[in-house]
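Me: Got a minute to look at a model with me? I have a few quick questions.

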Amino acid sequence: MSSRSTAPNTRDLPLRAWVPGLLVLAAGVGVSMLLAGLQTVLGALVIALVLGILLGNSGLYTTALRTGIGGGTKRLLRAGVVLLGLQLALPDILALGPQVILLIVACVALSFYCTLWMGRRLGLSRAGALLMAAGFSICGASAVAGMQGIVDADDDEVASAVAMVTLYGSLMIVALPLLNAALGLDATSFGIWSGLAVHEVAQVVAVASTAGATALASATVVKLGRVLMLAPVAAVASLGERRRAAASTAGPATGAPQGGGRDGRGDARRTTPLVPLFVLGFLAMVVLRSLGFLPQPVLDAGRTVTTVLLAAGMFGLGAGIDIRRLLRTGGRFAAVGAASTLLLAGVSLLGVVVLA
C-alpha cells in the first residue's frame, strides 16, 4: 500500500518489541497536542503528520521503532473515526431545517464528485483523488483518515491530501472574512457559508468567530452536518471498491481470477466490506450521542481521545512517507486542491445567497 513499508510483520512478535515504537509514538502525539494548543492555524493531526515525516526521513526510523509505530497505524485511525461520531448529535443537525440540510448534502456531493473527476483528469491515482475528494468535501484530515481505511492509498498520497487541506483551509481563514467585508452577509448567513466552504472544524471556528457568536454557532452545526456525510460517502466508496475488485479479479471471458489490485493482493472483495466496520461504529457513536444521556465530561473526554487516536495514526502514516516522492507529486495535488476549494466556496456562497 505504501511507497515504503511502515512496519515489519508484527505477527508472533513479543510485546516488548512494540515498546520502543509506542514510546516514541506517545511522545510524538504529546508534542503535537502541546503545539496545537499554542496556536490556532495547525491542528494536532497535521502537526503529528509532520513530526512523523521528520522522524521517517531522519535516518532514525529503525526497525525497532517500526514495529510499534507502524504496526497499529490503520487501527488507530479507524478507532479515531469511530469516536468522531460522539461529536455529532442528530437533533442539532435536524434543527438546521430542510433547506440547509439539503444544501449541505448538495455541496458535499457536488464537491466530492467534481474533486474526484478533477483529480483523475490531472493525473492522480483513483485512491489519491478519493482522498482529496473526502478531505475537501467533508471534514479535512479526519475524512482523509476515514477514506484511507477503504482505498488502497500510498502514505505519500495521504500526506499530500492532508497537506493540501491544511494549506487551503488556512488560506480560507484569511480570505472568507475579507470577502464577507465586501459581500455584507449577515452573521447567520456568513456562519452557514463558513461551515459549508471551509475544510477543517478548527478552521471553521477560526473563520466564523470573526463575525461573532451567532455566526460561530451556525458554522459549527453546519460543519458537523458535513462530518455526518462521512458515513454514507464511505459506504458508497467501499461499494465502489468492491465492484472494482470484482472486475479486476475476474477474467474477461471465463471469470477466472486474475489476481492483482494495486498492491498485488488476491480477491480484494474479501478485504473490502460492503459497509466497513469503522463506519458502523461511527454511526453507533452518533446514535449514542443523539440519545442525550452522555454527560458533558464524557463527551469532552471522547473529543480528546478522538484527537489523540487520530494524531497517533497520522504520526504513524508520516513516519512511512518518502519526502522526496511527496515533493515530486505535490504539484498535482495542489492544483486539485485549489480547484476544489474555489468550487466549494463558490457553490456554497450561491446556495447561501439563494436561501437568504
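Me: How many disulfides does a search of the whole structure find?
Reply: The search turns up 0 disulfides. Keep in mind that this is a predicted model.

Me: Is C107 buried or exposed?
Reply: C107 counts as buried, at 3% relative accessibility.

Me: And what about C114?
Reply: C114 is partly exposed, with a relative accessible area of 26%.

Me: Switching to rings: how many aromatic pairs are there?
Reply: The structure has 3 aromatic pairs. One of them is F112 with Y113, which sits edge-to-face at 5.5 Å centre to centre, with 80° between the planes. F112 counts as buried, at 6% relative accessibility.

Me: Why is the F190 and W193 pair called edge-to-face?
Reply: Their planes are at 75°, and over 60 counts as edge-to-face, so the pair gets that label. The ring centres are 6.3 Å apart.

Me: Where do those two sit along the chain?
Reply: F190 and W193 are both in helix 10 (residues 187-197), 3 residues apart, so about one helical turn separates them. Both are buried.

Me: Now pockets. What volume does the largest one have?
Reply: About 960 Å³. It is lined by 36 residues, and Q87, V201, A202, R303 and T307 are the closest to its centre.

Me: Which helix gives the most to that lining?
Reply: Helix 11 does, with 5 residues. Other helices supply at least two residues each, including helix 1 (19-37) and helix 15 (296-319).

Me: What's the lining like by class?
Reply: It has 21 nonpolar, 11 polar and 4 charged residues.

Terms used. Residues are numbered from 1 along each chain as its sequence is written. This is a predicted model: local features need pLDDT of at least 70, side-chain atom pairs count only at pLDDT 80 or more; totals for chains, interfaces and linings use all residues. Side-chain values use heavy atoms; hydrogens and water are left out. A disulfide is a pair of cysteine sulfur atoms within 2.5 Å. Buried means under 20% relative accessible area, exposed over 50%, partly exposed in between (1.4 Å probe, protein chains only). Rings of Phe, Tyr and Trp (its six-membered ring) pair if their centres lie within 6.5 Å; planes under 30 degrees apart count as stacked, over 60 as edge-to-face and the rest as tilted. Helices (H or I, at least four residues) and strands (E, at least two) are DSSP runs, numbered from the N terminus. On a 1 Å grid over the protein atoms alone, a cavity is a set of points where a 1.4 Å probe fits but cannot get out, and a pocket is an open set with protein on both sides within 12 Å along at least five of seven lines; lining residues have an atom within 4 Å of a point. Grid points are joined across faces, edges and corners, and a volume is the space filled by probe spheres set on the points. Ala, Val, Leu, Ile, Met, Phe, Trp, Tyr, Cys and Pro count as nonpolar, Asp, Glu, Lys and Arg as charged, and the others, Gly among them, as polar.
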